[in-house]
Amino acid sequence: MLIKSLTMINFRKYEQVSMEFGQHTNILHGENGSGKTTILEAIHSLAYTRSFKTRLDADLSRHGQVGYQLKGLFADHLGADHEVRLKVESARKKLVSVNNDNLSSRAQIIGRFPLVSLTPEDGELTFGTPEIRRLFFNKLLSQVDPAYLEDLQTYARILKQRNAMLQAYANDGVPIDRMLISTLDDQRAKISVQLHHARSRHISEFKKLLYTAYGRLEQEKSLKMAFISNIRITASEPESLYRQAYQDSLVEDMRKGTTTRGPHRDIFSFFLDTKDLRKFGSQGEHKLVLVATKFAEGRFLENFLEEPPVFLLDDLFAELDVKRSLMIVESLEGEHQIFITATDLADLRNHGLKIEGDTLQVINAGKIQANG
Ligand SMILES: Nc1ncnc2c1ncn2[C@@H]1O[C@H](COP(=O)(O)OP(=O)(O)O)[C@@H](O)[C@H]1O
Ligand SMILES: [Mg+2]
């Protein structure tokens with residue numbers, strides 16, 4: 001996958017700007033606040049219909065404006081062009097089109113324009129709560145498995161309805177409609193099994209890629225990743241097992257006003273030499289696991305989609321030591337389009353990054369007219 005050009009209108013600090021990108025390494029150069037991350041955010045917003053920083057379109061609209069527009073020209077590895085347009089007119093109105101076909105759901109675009117982003121916020125992936133890792137894997141698996149995305153969306157709808165009832169009961173004593181809860185739990189059990197199987201299957205593939213990636217970066221400790229299902233499946237009748245668990249937890253759910261059991265509580269954890277990374281990992285160890293996870297993400301997408309993802313590397317050199325940063329860039333070069341943000345080109349050059357030649361394009365983010 002390549003992105004060849006980008007237009008932003010009223011997107012964050014940019015009033016109206018168009019730019020073209022090179023096929024290989026693109027360095028976005030500029031001072032802090034010059035708008036480098038915003039360019040990556042725009043690319044991500046086109047490919048996934050939302051930013052990696054916020055879900056609030058109001059934050060993305062240029063201050064004082066309502067709405068924004070993005071247009072990107074992507075090309076797949078067979079050379080076919082795809083024009084993606086995203087137009088936000090108000091808080092509730094977002095239009096996305098690919099080659100002038102308006103999309104009716106996110107599912108129609110997820111997985112078509114694979115990106116791997118590594119930004120300072122991604123630190124949360126190893127440091128943060130289990131929810132962050134669940135979101136990461138949900139996003140990853142959704143891109144390669146449309147049925148998984150559909151199941152996730154259905155599950156989320158059921159959960160929302162169920163939680164609303166539980167909350168109304170816990171807060172205001174509104175009686176629970178037991179027939180309805182039971183119907184919802186039947187549906188939920190069926191989908192839970194599907195989600196569980198998809199997670200187990202994909203995660204075992206993902207782990208192989210992760211361990212390989214980590215082994216390339218670091219040999220001293222061994223990395224393990226665990227997928228811990230909230231409901232252990234042992235029987236050959238997993239659906240009835242889920243149904244039973246959902247029934248058994250109803251009293252507690254009513255007391256707490258929320259749904260306590262199910263795949264929305266599954267856990268993904270990293271372990272270094274059997275020690276929980278989140279509890280015991282050093283800063284450096286966290287970063288290595290993060291980078292390995294991102295590499296594995298890229299491989300995983302590429303294997304399934306047969307399309308090399310674009311890498312968006314934001315502040316990589318500030319985040320990681322130079323030797324490893326260069327290793328990453330060199331291992332991706334040639335096969336992938338890469339975006340790297342940088343405040344100091346001389347520094348990159350001193351560290352051995354080749355900033356010449358036709359494989360590399362420097363975009364001076366600071367010089368792009370941000371304010372018209
Ligand atoms: N919605 C917005 N409207 C106008 N300016 C914004 C908006 N959101 C962020 N900015 C400005 O954009 C700048 C940050 O851009 P960013 O792409 O993060 O820069 P960089 O990555 O080069 O440091 C800041 O100056 C910030 O005030
Ligand atoms: Mg930035």
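Modeller: A polar contact is a pair of N or O atoms within 3.5 Å. What follows concerns a predicted model, in which local features need pLDDT of at least 70 and side-chain atom pairs count only at pLDDT 80 or more, while totals for chains, interfaces and linings use all residues. Residues are numbered from 1 along each chain as its sequence is written, chains are lettered from A and ligands numbered from 1 in the order in which they are written, and side-chain values use heavy atoms, with hydrogens and water left out.

Colleague: What makes the pair between Gly33 and ligand 1 a polar contact?

Modeller: A backbone N or O atom of Gly33 lies 2.7 Å from an oxygen atom of ligand 1, and this is within 3.5 Å, so the pair is a polar contact. From Thr37, a polar side-chain atom lies 2.7 Å from an oxygen atom of the ligand, and for Thr38 the corresponding distance is 2.5 Å, so these pairs meet the definition as well.

Colleague: Which residues are the closest of those that surround ligand 1, and of what class is the shell?

Modeller: Ligand 1 is surrounded by 14 residues (a heavy atom within 4 Å), and the closest are Gly33, Lys36, Thr37, Thr38 and Ser61. The shell holds eight polar and six charged residues but no nonpolar ones, with Gly counted as polar and Lys as charged. Helix α1 (residues 36-48; a DSSP run of H or I, at least four residues) gives the largest share, three residues.

Colleague: Why is the space of about 80 Å³ called a cavity?

Modeller: On a 1 Å grid over the protein atoms alone, a cavity is a set of points where a 1.4 Å probe fits but cannot get out. Three cavities of 30 Å³ or more were found in the whole structure, and the largest has a volume of about 80 Å³. Among the residues that line the largest cavity (an atom within 4 Å of a point) are Leu118, Lys287, Asp314 and Leu320. The lining comprises six nonpolar, one polar and four charged residues, and α10 gives the most, three residues.

Colleague: How do you know where the second largest cavity lies with respect to domain 1 and domain 2?

Modeller: Domain 1 (1-114 + 308-372) and domain 2 (125-306) both give residues to its lining, so the second largest cavity lies between them; the bounds come from an automatic or database domain assignment. This cavity, of about 50 Å³, is lined by residues including Val291, Phe295, Phe311 and Ile328. Its lining has seven nonpolar residues, one charged and no polar, and α10 supplies the largest share, three residues.

Key:
A polar contact is a pair of N or O atoms within 3.5 Å; within protein, one must be able to donate a hydrogen and the other to accept it, and residues adjacent in sequence count only if both atoms are side-chain atoms. Helices (H or I, at least four residues) and strands (E, at least two) are DSSP runs, numbered from the N terminus. On a 1 Å grid over the protein atoms alone, a cavity is a set of points where a 1.4 Å probe fits but cannot get out, and a pocket is an open set with protein on both sides within 12 Å along at least five of seven lines; lining residues have an atom within 4 Å of a point. Grid points are joined across faces, edges and corners, and a volume is the space filled by probe spheres set on the points.
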